[in-house]
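Student: Could you take me through one part of this model up close? I'd like to hear about the pocket and whatever else stands out along the way.

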Amino acid sequence: MVRVVLGALVALASATEARAEEWETVATAPVLIKARSVPNSSVKEIWAQGEMSAPVQDVQATLLDVERFREFMPYVKESRLIGKPRPDGTHYVYTRLEFGPWVSSRDYVVKVEVERSVAPDGSGEFRNRWVAEPDRIPSRANAVRLRVNEGSWHVASRGPNKSFAVYRFVVDPGGWIPAFAANAGNKQGVTDTFKAVEREAERRADVRRKQNESARR
């Protein structure tokens, strides 16, 4: 889920036009980022992938800790669950983004579905996806409500302390995005989101290991 920041928004507004069946490579390091056009739309689909130096279970915990996104996700100023999760595990999330004086605040509401979860022993993989539900709650006067926002995370193990993550999304940023912000944020914003998740997952993994060591003493 999660997870949409300035670079994600402006990448969609500024990427080079490409046919729907073709991916354009935007960056290769430290995260591979690709973009392609969406049929009958002016926005782009973004694909980012790369290794994370943390176990899958800690990446999963990071991506599901909605209430703390503002502490580690770029540009997120507010993020919270709306109501209680449904019996099937789907839940609604509200997020507000702020980018400084040159870009209007954005906010969005998404319905999140967890398709696969890591087992209690840390094995397995994590998959979630989200889709916009812009009218779930009333719009705010001081923020542009995003009406197109869908994507997914797929995280699989690459060893005891490594994961491989694929982050895909389509977002229409809405409103006006200044050219300088589009040019500066095209690649960096997506990378910053990817790395923010990795850093928080690494922190959680370290805390969990220390707790396990203490419990064995």
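Tutor: By class, the lining of the largest pocket comes out as four nonpolar, two polar and four charged residues. This is a predicted model, so keep that in mind as we go. The charged members of that lining are Glu45, Arg129, Glu150 and Arg168. Trp130, Val131, Phe169 and Val170 make up the nonpolar part, and Gly151 and Ser152 are the polar pair. The space inside the largest pocket is about 160 Å³. Three elements each give two or more residues to its lining: strand E7 (126-132), strand E9 (149-157) and strand E10 (163-171).

Now step along the chain from Glu45, one of the lining residues, to isoleucine 46, which belongs to strand E3 (residues 44-52). Isoleucine 46 counts as buried because its relative accessibility is 1%, and the cut-off for buried is under 20%. Its C-alpha atom is 8.0 Å from that of tyrosine 167, although 121 residues separate the two along the chain.

Two spots in loops deserve a look as well. Proline 30 sits between strand E1 (24-27) and strand E2 (32-37), and the peptide bond leading into it from alanine 29 is cis, with omega near 0°. Tyrosine 75 is in the loop between helix H3 (69-72) and strand E4 (76-82). Its phi is positive, about 70°, even though tyrosine 75 is not a glycine. With a relative accessible area of 31%, tyrosine 75 is partly exposed.

Definitions and conventions. Residues are numbered from 1 along each chain as its sequence is written. This is a predicted model: local features need pLDDT of at least 70, side-chain atom pairs count only at pLDDT 80 or more; totals for chains, interfaces and linings use all residues. Side-chain values use heavy atoms; hydrogens and water are left out. Helices (H or I, at least four residues) and strands (E, at least two) are DSSP runs, numbered from the N terminus. Buried means under 20% relative accessible area, exposed over 50%, partly exposed in between (1.4 Å probe, protein chains only). On a 1 Å grid over the protein atoms alone, a cavity is a set of points where a 1.4 Å probe fits but cannot get out, and a pocket is an open set with protein on both sides within 12 Å along at least five of seven lines; lining residues have an atom within 4 Å of a point. Grid points are joined across faces, edges and corners, and a volume is the space filled by probe spheres set on the points.
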